[in-house]
Amino acid sequence: MTESIYYWGHSRRFNDYSSYMRRSFDERVQKVSIDAGFSCPNRDGSKGHGGCTFCNNSTFNPAYCSEDDSITNQINTGIGFFSSKYKSQLYLAYFQAYSNTYESIDVLKERYTEALSHPKVTGLVLGTRPDCINDELLEYLSDLSKEYYVSIEYGIESTNNTTLEQINRGHNYEIGAEAILKTSAAGINVGAHLILGLPNESHEEILNHARIISELPLDYLKLHQLQLVKGSVMGEQYLNNPEEMNLFTADSYIDMVIDFLELLNPKIVMDRFISQSPKEFLIAPKWNLKNFEFVAKVDKRLKERDTWQGKLYPAK
């Protein structure tokens, strides 16, 4: 039996990130994470203190990242980590920790330039908040994207403003949508990040994220299950009152991901489905699944349900 070829040009049942990267580059490219010593307006008092209730930024960084080390040294260490698997490849400097557009334009240019000066680095991926972008920076990054691959990943987390207020996010969904629209209009690759399973969001409210986010000009999307980690407000809340948190099991989350994918615009590339916090930080849920193992389960469930990304799009 011949397998179907979907909107994205192959037989896999979702628009996967690895195929997107192969279409974008002539050779293998790997992200290498960097902690450039930036802060966050939700921690330094500009928007608030303490950060988002789900957040402990130490859970985001690989072990080789440290703001005390230079950007160049972090890149070299990261390359050393990956080079044993793949002898020949280029790298994207992934500014991951905190808000990587939250500084003066001069400081940002200096740190981005250091990363791009590395002979193995072919572009930038900047993780940030949608309230930490401005026209001057977008113009600079737009010019940079004519020579390098440049992408901005915005932490949207939820399209529900009540949820965003409850998790102390410090911005509403409309600010996120505006940042994505302006970034795309500037010719810069743009991604978004959503957390599925935030407190008090119903099944239908979570699926509505797919409907809403599908109307934006996103290149790619990251989904993460809600993880409760040590050092976060939400983690402490769970330890004190675990019965108040309704966490996904791995199986229930897989079904949620499938339901979400069915509603999602097929043009949007799926970068990730889950997050993997370090064991020493993770409180719950503990699935003991690596990313590739989870993706294999998603592939299997899509086939079992004979469905695919965008099957129900436009999502009514």
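Modeller: Axes here are lines fitted to C-alpha atoms, for helices over the stretch in contact, and angles run from 0 to 180 degrees between N-to-C directions. This is a predicted model, in which local features need pLDDT of at least 70, side-chain atom pairs count only at pLDDT 80 or more, and totals for chains, interfaces and linings use all residues. Residues are numbered from 1 along each chain as its sequence is written, and side-chain values use heavy atoms, without hydrogens and water.

Biologist: Happy to start with the sheet: which strands stand at its edges?

Modeller: Seven parallel-paired strands (DSSP runs of E, at least two residues, numbered from the N terminus; a pair needs at least two DSSP bridges) form an open sheet, ordered S1-S2-S3-S4-S5-S6-S8. An edge strand has a single partner, so one of its sides is left without a neighbour in the sheet; that holds for S1 (29-34) and S8 (269-272).

Biologist: By how many degrees are neighbouring strands turned against each other on average?

Modeller: Direction is ignored for this average over the sheet. The turn comes to 25°.

Biologist: And which residue in S5 stands opposite Glu 153?

Modeller: Strand S4 (residues 149-157) runs parallel to S5 (residues 189-196), and six bridges join them. Facing Glu 153 from S5 is Gly 191.

Biologist: What angle does the direction of helix H6 make with that of S4?

Modeller: Helices are DSSP runs of H or I with at least four residues, and contact means heavy atoms within 4.5 Å. H3 (residues 105-116) packs on the sheet against S1, S2 (90-95) and S3 (121-128), at about 140° to S3. H6 (residues 173-185) also packs on the sheet, where it touches S4 and S5. Its direction and that of S4 make about 170°.

Biologist: Are H9 and H10 parallel or oblique to each other?

Modeller: The axes of H9 (residues 250-263) and H10 (residues 291-304) come within 10 Å and cross at roughly 60°. Under 35 degrees counts as roughly parallel, over 145 as roughly antiparallel, 65 to 115 as roughly perpendicular and the rest as oblique. The pair is therefore oblique.

Biologist: How many charged residues are in that contact of H9 with H10?

Modeller: Among the residues that meet are Asp 251 and Asp 255 in H9, with Lys 297 and Arg 301 in H10. Nonpolar means Ala, Val, Leu, Ile, Met, Phe, Trp, Tyr, Cys and Pro, charged means Asp, Glu, Lys and Arg, and the others, Gly among them, are polar. The contact has nine nonpolar residues, no polar ones, and charged residues numbering four.

Biologist: Lastly, how far apart are the axes of H7 and H9?

Modeller: Residues including Ile 206, Leu 207 and Ala 210 in H7 (203-213) meet Met 256, Asp 259, Phe 260 and Leu 263 in H9. By class, this contact has six nonpolar, two polar and two charged residues. The helices pack at about 40°, and their axes lie apart by 8 Å.
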